[in-house]
Amino acid sequence: MRFAVAERDAVLAEAVGEVLAGRCGPELIRAGWPGGRVAQVDALWRTLAQVGMAAALVPEAAGGLGLDETALAPLMETLGRAGPPVPAAETVAVGAPLLAAAGAPQLAAVLAGSSLVTVARHTGTPVPFAARAALIVVRVGDGLRLYERAEVHIEPVASVDGSRGLARVSAPAGGGLLLAEGPGAQAAVWRRGVLATAGLLVGLGARMLDLAVAHVRERRQFGVPVGSFQAVKHALADVEVALRLARPAVLAAGWAQAAGDAEAAVRTSMAKVLASDAARLAARTALQCHGAIGYTTEHPLHLYAKRAWALAADWGGPAHHRERVARWLGLTAPAGHGNATDRSEGMPW
């Protein structure tokens, strides 16, 4: 049996990659930070929507591409490598499919890229991109409800990655449009969000590795490139190995979700652990290889490192997902260890 990314999934990722290659660099990412020219980010988002990115998991009958979760891994890795400050996981993996399933009238604007949608996993919690999103999906009780911006209270919150536009969202229990309800729907949403975030982390790790390799090839010490030193080679090789282990885990999680595999939840948690660890290792190693310049805000490395740190903790951090895998293996967590979760799916709502 030959395992490979399906042609239709690869074509979408390549189309998105071509758009990003010409328009998304450090300057575009900086535009998403407070005080930046956010109009540039919005223009890129609309262009990405035109190639079908937001519609990837939306059925063809609803105006989408009709793809499944297997498309998320290559697509999100492409987005992660470029680093555009957009709600990719929240829109592609969660928001758009939910709106399509509920027949929400706001779907057309989301697919066109004229309305941003993000996801709050509970009312009152910090939400990425809520500072700018026009639509917000909020978990209220056993349901997932869609709120217009004017219906909720939004309080901006500082974040390690300023381009994510973090804000605390408080929504009324009785308002909004009900999109889905029940533990099954919430579990599916949770898994897709985790999967998409893992894909982004793999892409971020690869980008930081590229930056580090390029730097040590050019930076010279004792008359030779820094990259010729064995310690530097081994450190970068460790990052490459970590990424090569994480990438197939993310692909496997996408396949499991699309196939309705009984182990989809644990495979997704494994993917998030490996992707988070690989991205954080890439950030740490890249900073070490760059030396002092890597710690400055003038250098672009921090734009990717801060995103990796934020995403590693989002949709359940590595510790949470390790606990999920440990429970599946029949291991018992030490007394007092762990956090409050829905034990049926391990969701830290």
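In this predicted model, helix H4, which spans residues 72-82, is mostly covered, since 9 of its 11 residues are buried. The buried positions of H4 are Leu72, Ala73, Pro74, Leu75, Met76, Glu77, Leu79, Gly80 and Ala82. The helix is followed by Gly83, a residue whose phi angle is positive, near 80 degrees.

Glu77, a charged residue among the buried positions of H4, has a relative accessible area of 16%, and because burial is assigned under 20%, Glu77 counts as buried. Side chains of opposite charge can pair when their charged atoms come close. Such a pair is found here, as Glu77 forms a salt bridge with Arg247, with 3.0 Å between the closest N and O atoms. Because Glu77 lies in helix H4 and Arg247 in helix H8 (residues 230-259), this salt bridge ties together parts of the chain that are 170 residues apart in sequence. Arg247 itself is partly exposed, with a relative accessible area of 25%.

A further salt bridge of helix H4 involves Arg81, which pairs with Asp210 at a distance of 2.6 Å between the closest N and O atoms. Asp210 belongs to helix H7 and Arg81 to helix H4, so that this pair ties together parts that are 129 residues apart in sequence. Both partners fall in the intermediate class of accessibility, which runs from 20% to 50%: Asp210 is partly exposed at 41% relative accessibility, and Arg81 is partly exposed at 30%.

Over the structure as a whole, the count of salt bridges comes to 13. One of them joins Arg121 to Asp314, where the closest N and O atoms are 2.6 Å apart. Arg121 is placed in the loop between strands E1 and E2, and Asp314 in the loop between helices H10 and H11, so the pair ties together parts that are 193 residues apart in sequence. The two strands that flank the loop of Arg121 cover residues 117-120 (E1) and 126-127 (E2). Arg121 is buried, with a relative accessible area of 15%, and Asp314 is likewise buried, with a relative accessible area of 8%. Elsewhere, salt bridges that share partners join Arg8, Asp9 and Asp68 into one network. The side chains of Arg121 and Asp314 are also listed as making a polar contact, at 2.6 Å.

Arg121 takes part in a further arrangement, in which its charged end sits over the ring of Trp315, 4.3 Å from the centre of that ring. Trp315 is buried, with a relative accessible area of 1%. The ring of Trp315 also belongs to an aromatic pair, and the structure holds 1 such pair. Its partner is Trp190: the ring centres are 5.4 Å apart and the planes meet at 45 degrees, so the pair is classed as tilted, an angle of under 30 degrees being required for stacked rings and one of over 60 for an edge-to-face arrangement. The pair links distant parts of the chain, with Trp190 in helix H7 (residues 183-218) and Trp315 in the loop between helix H10 (301-313) and H11, 125 residues apart. Trp190 counts as buried, at 2% relative accessibility. Trp315 is thus described by a ring paired with that of Trp190 and by the charged end of Arg121 over that ring.

At the surface, a nonpolar patch of about 340 Å² is made by Trp328, Leu329 and Leu331. Leu329 is placed in the segment after helix H11, which covers residues 318-328. Because its relative accessibility is 52%, and exposure is assigned over 50%, Leu329 counts as exposed.

Another exposed residue is Glu27, which has a relative accessible area of 59% and is located in helix H2 (residues 26-31). Although Glu27 and Pro300 are separated by 273 residues in sequence, their C-alpha atoms are 8.8 Å apart in space.

Definitions and conventions. Residues are numbered from 1 along each chain as its sequence is written. This is a predicted model: local features need pLDDT of at least 70, side-chain atom pairs count only at pLDDT 80 or more; totals for chains, interfaces and linings use all residues. Side-chain values use heavy atoms; hydrogens and water are left out. Patches are made of residues with over 30% relative accessible area and no salt bridge: like charges are joined within 9 Å, nonpolar side chains (Val, Leu, Ile, Met, Phe, Trp, Tyr) within 5 Å. Accessible areas come from the Shrake-Rupley method with a 1.4 Å probe; for residues, only the protein chains shown count as cover. A salt bridge is a side-chain nitrogen of Lys or Arg within 4 Å of a carboxyl oxygen of Asp or Glu. Helices (H or I, at least four residues) and strands (E, at least two) are DSSP runs, numbered from the N terminus. Buried means under 20% relative accessible area, exposed over 50%, partly exposed in between (1.4 Å probe, protein chains only). Rings of Phe, Tyr and Trp (its six-membered ring) pair if their centres lie within 6.5 Å; planes under 30 degrees apart count as stacked, over 60 as edge-to-face and the rest as tilted. A charge sits over a ring if NZ of Lys or CZ of Arg is within 6 Å of the ring centre and within 35 degrees of the ring normal. A polar contact is a pair of N or O atoms within 3.5 Å; within protein, one must be able to donate a hydrogen and the other to accept it, and residues adjacent in sequence count only if both atoms are side-chain atoms.
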